[in-house]
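User: Hey, I'm new to this one and could use a tour. Can you walk me through it?
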Amino acid sequence: MKITQEVESNEVQLLRKSVQEFCKKEVADYYQQWERDGLVPRELWNKLGEQGFLLMEVPEKYGGLGTTYQYSAVIMEEFYRLGFNSIGANISVHGLITAQYILNYGTERQKEYYLPRMATGELVGAVAMTEPNAGSDLQGIKALARYDETRNEYVISGSKTFITNGQHCDFVVVVAKTDQNVKPSRGTTLFIVDVPAAGFERGRNLEKLGLHSCDTSELFFDEVRVGEDAILGKKNEGFRILMSELPRERLTIAVSAIASMEGVLDSTIQYTKERELFGTTLDHFQNTRFVIADLYAKMEVHRAFVNECIKLLTENKLDTVKASMAKLTCSELQGQVIDECLQLYGGYGYMMEYPVARAFVDARVQRIYGGTSEIMKKIISNELFSK
Ligand SMILES: Cc1cc2nc3c(=O)[nH]c(=O)nc-3n(C[C@H](O)[C@H](O)[C@H](O)COP(=O)(O)OP(=O)(O)OC[C@H]3O[C@@H](n4cnc5c(N)ncnc54)[C@H](O)[C@@H]3O)c2cc1C
């Protein structure tokens with residue numbers, strides 16, 4: 001139940017419906033088990049590809065559907081609204097982030113090879129920036145890509161951690177230093193590394209608080225050799241490329257936060273209508289209604305800002321500060337909304353078989369990945385105080 005119903009084209013409504021039907025048929029009955037397994041089955045990627053859900057925005061000539069960001073946002077919204085957050089996170093990294101790096105900065109050969117295979121789910125992509133000692137402070141990365149003149153190859157060594165799609169991925173966009181004599185922001189390069197490869201090792205599938213079936217891993221590179229054609233974009237311009245795509249990543253987290261809140265609020269309203277106590281149902285208490293009204297109002301106000309950001313992104317005008325504001329406020333509100341909804345479930349809210357419990361644990365990371373809330377505040381305040 002939406003209070004502000006956006007006027008959506010038939011095409012967008014059809015896409016929503018097809019994601020809903022897909023989830024009903026291919027996900028709902030199995031999701032709990034995948035969450036226990038810590039991984040979705042590989043075939044799910046192919047099924048998502050068959051439906052065209054993986055690379056919406058990539059032009060048709062590279063196997064995508066050639067849509068705007070709005071369509072990718074719809075895919076995110078439906079997976080998160082229905083509570084299949086791990087799959088949303090898997091798709092987001094693969095189709096909304098990794099594919100965009102390749103589309104916007106790849107050579108023709110890279111685009112022709114990777115994108116169509118990513119669209120079908122034959123290849124799964126990941127992005128490896130974070131290292132054990134470099135997360136928020138990405139300039140602290142140690143991974144090194146040494147140039148071997150004798151063979152015209154780069155030799156990559158280093159460790160990455162917390163990498164989404166780390167178990168399933170068939171290639172990784174690796175951030176590594178290529179010039180140690182300058183600041184990392186000017187001496188870092190992105191490489192597309194096909195895996196498995198000699199010297200590459202996947203760490204274990206990390207056990208997380210939430211997003212259990214979204215695989216997250218350490219990745220180890222010990223003298224992994226790649227040709228010059230593995231460079232994504234220009235040498236030493238890795239940071240500029242990463243920065244250019246961050247607004248999209250942060251907006252996507254904001255989009256997923258709104259959708260998750262909406263799903264949880266709607267199911268909480270339903271629950272309170274059914275829960276009997278003190279000779280009535282929970283929805284009859286003024287506290288219940290006021291809590292829900294307050295949270296719903298806040299969500300809708302945030303949705304309006306996110307919709308504005310989606311429009312800006314589509315016009316190529318979304319800046320880092322606005323995207324950071326959306327990410328900060330929506331992920332923080334998501335935490336509050338789901339916590340207060342869980343309270344209305346009483347003890348049942350603490351049981352993992354209730355979707356609100358899963359939504360609660362899944363929500364926590366939204367304030368951490370894609371740049372923590374503190375880093376968002378740093379970006380926003382730097383802009384405000386620079387004038
Ligand atoms: C589930 C999950 C999936 C992820 N997926 C990926 C992925 O696919 N690829 C990838 O590269 N990375 C990924 N990450 C990594 C993620 O982006 C980092 O965890 C995040 O950027 C924070 O870095 P950190 O964990 O090193 O924390 P730290 O940087 O060590 O931060 C610790 C604390 O210090 C605070 N802090 C840091 N700097 C400042 C400052 N200047 N001022 C005030 N406070 C500060 C932080 O806000 C935080 O509270 C993922 C992480 C998780 C948990």
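Analyst: Sure. Keep in mind that this is a predicted model. Ask away.

User: How is the chain split into domains?
Analyst: The domain assignment gives domain 1 (10–123), domain 2 (126–236) and domain 3 (240–385).

User: And how far apart are the centres of domain 2 and domain 3?
Analyst: Their C-alpha centres lie 31 Å apart. Eight residues from domain 2 and eight residues from domain 3 make up the contact.

User: On the domain 2 side, what kinds of residues touch domain 3?
Analyst: That side divides into five nonpolar residues, three polar and no charged.

User: OK, what about the ligand? Where does it lie relative to the domains?
Analyst: Domain 2 and domain 3 both give residues to the shell around the ligand, so it lies between them.

User: Which residues come nearest to it?
Analyst: There are 22 residues around the ligand, and M129, G135, S136, T372 and E374 come nearest. The elements that give two or more residues to that shell are β1 (125–128), β3 and α11 (373–385).

User: How do the shell residues divide by type?
Analyst: Eleven are nonpolar, seven are polar and four are charged.

User: Switching topic: which residues sit at the heart of the largest nonpolar core, touching the most other members?
Analyst: That would be A128, I156, V174, F191, V193 and A254, out of 108 residues in the core. As for helices and strands, α7 (residues 238–274) gives the most to this core, with twelve residues. As background, nonpolar side chains tend to be buried together in soluble globular proteins.

User: Take A128, then. What does it touch?
Analyst: Not counting residues up to four places away in sequence, A128 touches K160, I163, V172, V173, V174, V175 and L219. One of those, V174, is also on the list of core residues that touch the most other members.

User: Is helix α10 mostly covered or mostly open?
Analyst: Mostly covered: α10 runs over residues 355–363, and seven of its nine residues are buried. The buried ones are P355, V356, R358, A359, F360, D362 and A363.

User: What covers them?
Analyst: The cover includes α5 (85–105), α7 and α9 (320–344). Helix α7 is also the element that gives the most residues to the largest nonpolar core.

User: Now the strands. How do β2 and β3 run relative to each other, parallel or antiparallel?
Analyst: They run antiparallel, and five bridges join β2 (residues 144–148) to β3. Four residues lie between the two strands in this hairpin, where N152 takes a positive phi near 50°.

User: Which residue stands opposite Y154?
Analyst: Y147 does; Y154 itself is in β3, while Y147 lies in strand β2.

User: How exposed is Y147?
Analyst: Y147 counts as partly exposed, because it has 13 C-beta neighbours inside 10 Å. Its C-alpha is 33 Å from that of I375, and the two are 228 residues apart in sequence.

User: Any odd backbone spots? Which peptide bond is cis?
Analyst: The one from V195 to P196, with omega near 0°. P196 lies in the loop between β5 (188–194) and β6 (200–205).

User: And which residue in β3 has a positive phi?
Analyst: F162 has a positive phi of about 60° although it is not a glycine, and it lies in strand β3 (residues 153–164). F162 counts as buried because it has 20 C-beta neighbours inside 10 Å, and 20 or more is the cut-off for buried.

User: What about L211?
Analyst: L211 has a positive phi too, of about 45°, and it isn't a glycine either. This residue lies in the loop between β6 and β7 (216–227). With 25 C-beta neighbours inside 10 Å, L211 counts as buried.

User: Last one: where does L48 lie?
Analyst: L48 lies in helix α3 (residues 42–50). L48 is buried, because 26 other C-beta atoms lie within 10 Å.

User: Which residues is L48 in contact with?
Analyst: Leaving aside neighbours within four places in sequence, L48 is in contact with F53, L54, I91 and G121. By C-alpha distance, L48 and T120 are 7.6 Å apart in space, although they are 72 residues apart in sequence.

Key:
Residues numbered from 1 in each chain as written. Predicted model: local features only at pLDDT ≥ 70, side-chain atom pairs only at ≥ 80, totals over all residues. Buried ≥ 20, exposed ≤ 12 C-beta atoms within 10 Å, placed from the backbone. Core = buried A, V, L, I, M, F, W, Y, C linked by C-beta atoms within 7 Å. Contact = placed C-beta atoms within 7 Å. Near = placed C-beta within 6 Å. Nonpolar A, V, L, I, M, F, W, Y, C, P; charged D, E, K, R; others polar. Domains from an automatic or database assignment. Pairing = 2+ DSSP bridges.
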